[in-house]
Amino acid sequence: QVQLVESGGGLVQPGGSLRLSCAASGTSGSTVSINAMGWYRQAPGKQRELVATITRRGSTNYADSVKGRFTISIDNAKNTGYLQMNSLKPAATAVYYCNVRNWDLFEYWGQGTQVTVSS
């Protein structure tokens, strides 16, 4: 099994920046090697949506709404993924979830972290 622990969420003013982290660790001796990662978010009253994805080789995809402002990355040595969020808008307010695909192609979800963009 792989456990994902998200951190970095919080309150930020419009135009500010925040970096979310998603640390993957194996349980019961399981090996962690991130094959791919995605960040998703769910705002109140809305469906969960894809924010960004990245493969181990570094190929990325972004939702149009965040393109140019968000950056997804993976530190393979630390088995940790990140979502750098710049120029934040109130519309970015949501619970953000990371999803990791391990080397064996099994997928795991983080617990979610709240991001609130407000003055």
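**A first look at the strands and the core**

User: Which residue in strand 3 does Ser-7 stand opposite?
Analyst: Strands here are DSSP runs (E, at least two residues; helices are H or I, at least four), numbered from the N terminus. Strand 1 and strand 3 run antiparallel and are joined by six bridges. Across from Ser-7 in strand 3 you'll find Ser-21.

User: What kind of model is this?
Analyst: Residues are numbered from 1 along each chain as its sequence is written, and side-chain values use heavy atoms, leaving out hydrogens and water. Local features need pLDDT of at least 70 and side-chain atom pairs count only at pLDDT 80 or more, while totals for chains, interfaces and linings use all residues, as this is a predicted model.

User: Is Ser-21 buried or exposed?
Analyst: Ser-21 belongs to strand 3 and is in contact (heavy atoms within 4.5 Å) with Val-5, Glu-6, Ser-7, Trp-39, Thr-80, Gly-81 and Tyr-82, leaving aside neighbours within four places in sequence. The cut-offs, with a 1.4 Å probe and protein chains only, are under 20% relative accessible area for buried, over 50% for exposed, and partly exposed in between. Because its relative accessibility is 15%, Ser-21 counts as buried.

User: What is the order of the strands in the open sheet of four?
Analyst: Two strands pair if DSSP finds at least two bridges between them. In this sheet the pairing is antiparallel, and strand 1 and strand 7 are the edge strands, each pairing on one side only. Reading across the sheet gives the order 1-3-8-7.

User: By what angle are neighbouring strands of this sheet turned against each other on average?
Analyst: Axes are lines fitted to C-alpha atoms (for helices, over the stretch in contact), and angles run from 0 to 180 degrees between N-to-C directions. With direction ignored, the average turn between neighbouring strands in this sheet is 15°.

User: Which residue in strand 8 does Leu-18 stand opposite?
Analyst: Strand 3 and strand 8 run antiparallel, with six bridges joining them. One of the partnerships between them links Cys-22 to Gly-81. For Leu-18, the residue opposite in strand 8 is Met-85.

User: Which residues touch the most other members of the largest nonpolar core?
Analyst: A nonpolar core is a set of buried Ala, Val, Leu, Ile, Met, Phe, Trp, Tyr and Cys residues joined through side-chain atoms within 4.5 Å. The largest one has 31 residues, and the strands that each supply at least two of them include strand 4 (36–42), strand 8 (80–85) and strand 9 (94–101). One of its best-connected members, Met-85, is in contact with residues including Leu-18, Leu-20, Phe-70, Tyr-96 and Val-115. The members touching the most others are Met-37, Trp-39, Leu-83, Met-85 and Tyr-96.

User: How many salt bridges are there?
Analyst: A salt bridge is a side-chain nitrogen of Lys or Arg within 4 Å of a carboxyl oxygen of Asp or Glu. One joins Asp-64, which is exposed at 65% relative accessible area, to Lys-67 at 3.2 Å, N to O. Glu-49 and Arg-41 meet in another. By this rule the count is two.

User: What is the N to O distance between Glu-49 and Arg-41?
Analyst: Glu-49 is partly exposed, with a relative accessible area of 34%, whereas Arg-41 is buried at 7%. Their side chains meet in a salt bridge, and the N to O distance is 2.7 Å.

User: Which glycine takes a positive phi in the hairpin of strand 4 and strand 5?
Analyst: These two strands pair in the antiparallel sense over six bridges, and Gly-38 stands opposite Thr-53 in strand 5. The hairpin has six residues between the strands. There, a phi near 75° is taken by Gly-45.

User: What phi does Gly-58 take in the hairpin of strand 5 and strand 6?
Analyst: Strand 5 and strand 6 (residues 60–62) run antiparallel, joined by three bridges, with Ala-52 opposite Tyr-62. Four residues lie between the strands. Gly-58 takes a positive phi near 100°.

User: Where does Ser-28 lie?
Analyst: Ser-28 has a positive phi near 55°, in a residue other than glycine. It is exposed, with a relative accessible area of 82%. Ser-28 sits in the loop between strand 3 and strand 4.
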